[in-house]
Amino acid sequence: MTPSLAADIPAANRAAFGPLQLRVTLLCALVAMLDGFDTQSIAYVAPRIAEDWGLKASAFGPIFAAGLFGLMAGAFLLSPAADRWGRKKIILLSSFIFGLFALLTATASGMNELLAYRFVTGVGLGAAMPNIIALTSEYAPQRLRATLVTVMFCGFPLGSTLGGLVSSWLLTHFDWHAVFVLGGVLPLLLLPVLAAVLPESLRYLAASGASLARYEPIVRSAYPGEDAATVMAGLRSEAASVQAGFSVFELFRHGRLPTTVLLWLAFFMNLLVMYFLVNWLPTLLKSAGLPLEKAILSTAMLNLGGVVGALALGRLIDRFSPYVVLSAAYAASAAFIGLIAFSGQNLTGLLAGAALSGFGVVGAQIGCNALAASIYPTHIRATGVGWALGVGRIGAVVGPLAGGALLAAAWPPASIILVAAVPAVLAAVAVALLGRIRREAD
């Protein structure tokens with residue numbers, strides 16, 4: 001392709017899928033996997049900590065919320081910094097934070113320490129996620145963007161699933177401290193690998209005026225056969241086509257207000273139900289009489305269903321309207337949450353309901369992440385994804401607190417689980433309205 005012709009085609013459309021894109025997707029998937037393990041670990045071990053410390057299960061509502069509040073703070077405060085300082089730097093910093101404080105969580109001897117460590121761990125987890133989404137999205141060819149982002153993000157529920165299996169084994173052979181030790185050591189071991197082989201965002205390098213030596217090797221891998229200076233000029237031109245500079249208010253300007261509000265509502269409602277289920281399901285099923293190992297298995301199945309859902313929905317989003325696909329998935333998940341609630345101690349019904357709920361709730365959230373990355377232009381992409389996740393984290397905090405309050409009020413476990421169907425329906429409505437607005441705008 002000649003430079004003059006290449007310059008006329010947006011860079012995202014010309015990118016090839018090769019070893020560089022595969023490396024970025026896999027490395028970001030590893031970060032997502034460790035993120036999923038550390039985010040979910042507290043839910044798996046909470047019943048055992050409650051037994052060791054002589055606490056009621058409802059006392060863990062603030063602990064769950066503290067970690068998720070940290071996720072919200074990380075998404076709001078650290079993830080937008082990547083638009084100024086680079087995706088890679090923030091991914092490295094956030095991985096260091098959540099690895100170190102997961103290790104420190106293993107040393108906690110009381111609720112105040114546990115709360116503080118889970119909050120700071122959450123800050124690191126919350127900052128990592130928007131940036132691995134943005135980085136994967138920016139390196140992906142446009143025709144494969146939703147698919148690659150969803151494949152990458154499958155690392156999160158896969159990490160949660162493996163975390164359930166590993167945690168169950170560790171709780172049987174060691175104690176709850178071992179779960180946090182493993183969750184801290186793994187991201188710290190990954191850090192030097194990320195530092196050595198994860199590339200910085202080309203769009204960030206273009207916008208920041210990086211030297212030829214920094215971007216030329218990356219361009220050769222991402223755009224084989226093309227002139228590096230021409231590609232970077234095209235990326236700078238894409239960024240210049242919209243107003244330059246960082247501002248959260250950009251998410252509401254140029255007709256983006258209804259899009260941003262509905263996107264935030266969908267994130268809020270879905271993350272509310274998602275974290276309600278992943279945090280409280282082991283405890284609620286144990287309270288309903290199920291052994292802890294089987295309660296953990298049900299939650300692992302929810303996350304495994306999310307992996308399958310993400311892969312299936314990612315392909316459907318690339319082929320059909322993402323708004324129709326996602327709203328249908330959210331609506332279906334509400335029905336499957338009802339299946340969990342009414343299955344009692346029937347393990348087959350619980351596992352089926354959990355897997356199918358995860359297919360809709362977790363899988364559609366992954367699709368919604370890809371949707372958010374595609375809605376916003378380059379110069380506010382990390383900010384847009386970060387703030388959508390940040391607002392969603394408010395729902396993620398509300399969900400566990402609401403579950404704790406209902407448990408403290410002596411609601412039956414089945415009724416508490418059934419409540420989670422309501423926000424799933426509201427998420428479906430928000431995405432359907434978002435699709436209508438986007439179609440009218442086009």
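Q: What does "buried" mean here?
A: Buried means a relative accessible area under 20%, and exposed means over 50%. Partly exposed covers the range in between. The model discussed below is predicted.

Q: Why is Arg87 called buried?
A: Its relative accessibility is 3%. The cut-off is under 20%, so Arg87 counts as buried. Arg87 is part of helix H6, which covers residues 87-105. In sequence, Arg87 and Ile133 are 46 residues apart. In space, the C-alpha atoms of Arg87 and Ile133 are 9.9 Å apart.

Q: What makes Leu316 count as partly exposed?
A: Leu316 has 35% relative accessibility. Partly exposed lies between the 20% and 50% limits, so Leu316 takes that label. Leu316 sits in helix H15, residues 292-319. Gly367 is 51 residues apart from Leu316 in sequence, with 9.7 Å between their C-alpha atoms.

Q: Why is Ala410 called exposed?
A: The relative accessible area of Ala410 is 65%. Exposed starts over 50%, so the label fits Ala410. Ala410 belongs to the loop between H18 and helix H19 (413-419).

Q: What is notable about the phi of Ala410?
A: The phi is positive, about 65 degrees, although Ala410 is not a glycine. A positive phi is also found at Gly289, near 110 degrees, which follows H14.

Q: How do you know that the span of H14 is close to the expected one?
A: H14 runs over residues 257-287, with 31 residues. The expected span is 1.5 Å times one less than the number of residues, which means 45 Å for H14. From first C-alpha to last, H14 reaches 44 Å.

Q: Where does H14 have a kink?
A: The kink lies at Trp280, shortly before the proline Pro282. The bend there is about 50 degrees. That angle is taken between axes fitted to the seven residues ending at a residue and the seven starting there.

Q: Why is H14 described as mostly covered?
A: Of the 31 residues in H14, 25 are buried.

Q: What is the span of H17, set against the expected value?
A: H17 covers residues 347-375 and has 29 residues. The rule of 1.5 Å times one less than the residue count gives an expected 42 Å, and H17 reaches 41 Å. The two values are close. H17 has a kink too, about 30 degrees, centred on Gly358. H17 is also mostly covered, with 23 of its 29 residues buried.

Q: How many aromatic pairs does a search of the whole structure find?
A: The search finds seven. One of them joins Phe64 and Trp280.

Q: Why is the pair of Phe64 and Trp280 called edge-to-face?
A: The ring centres are 5.0 Å apart, and the limit for a pair is within 6.5 Å. The planes stand at 85 degrees, and over 60 counts as edge-to-face. So the Phe64 and Trp280 pair gets that name. The pair links distant parts of the chain, with Phe64 in helix H4 (61-78) and Trp280 in H14, 216 residues apart.

Q: Are Phe64 and Trp280 buried or exposed?
A: Phe64 has a relative accessible area of 2%. Trp280 has 0%. The cut-off is under 20%, so Phe64 is buried, and so is Trp280.

Q: Which residues form one aromatic cluster?
A: Trp53, Trp176 and Phe180 form it.

Q: How many cavities of 30 Å³ or more are there?
A: The count is five. What makes a space a cavity is that a 1.4 Å probe fits but cannot get out. The largest cavity holds about 80 Å³, the second largest about 50 Å³.

Q: Which residues line the largest cavity?
A: Among them are Thr39, Phe64, Arg118 and Asn279. Helix H3 (19-53), H4 and helix H7 (111-139) each give two or more residues to this lining. H4 gives the most, with five. The lining residues divide into six nonpolar, four polar and one charged. Arg counts as charged, so Arg118 is the charged one.

Q: What makes up the lining of the second largest cavity?
A: The lining includes Met129, Phe153, Tyr275, Gln365 and Arg393. H14 and helix H18 (381-408) each supply at least two residues. H14 has the largest share, three residues. The split is seven nonpolar, one polar and one charged. Tyr counts as nonpolar by the rule used, so Tyr275 falls in the nonpolar group.

Definitions and conventions:
Residues are numbered from 1 along each chain as its sequence is written. This is a predicted model: local features need pLDDT of at least 70, side-chain atom pairs count only at pLDDT 80 or more; totals for chains, interfaces and linings use all residues. Side-chain values use heavy atoms; hydrogens and water are left out. Helices (H or I, at least four residues) and strands (E, at least two) are DSSP runs, numbered from the N terminus. Buried means under 20% relative accessible area, exposed over 50%, partly exposed in between (1.4 Å probe, protein chains only). Rings of Phe, Tyr and Trp (its six-membered ring) pair if their centres lie within 6.5 Å; planes under 30 degrees apart count as stacked, over 60 as edge-to-face and the rest as tilted. On a 1 Å grid over the protein atoms alone, a cavity is a set of points where a 1.4 Å probe fits but cannot get out, and a pocket is an open set with protein on both sides within 12 Å along at least five of seven lines; lining residues have an atom within 4 Å of a point. Grid points are joined across faces, edges and corners, and a volume is the space filled by probe spheres set on the points.
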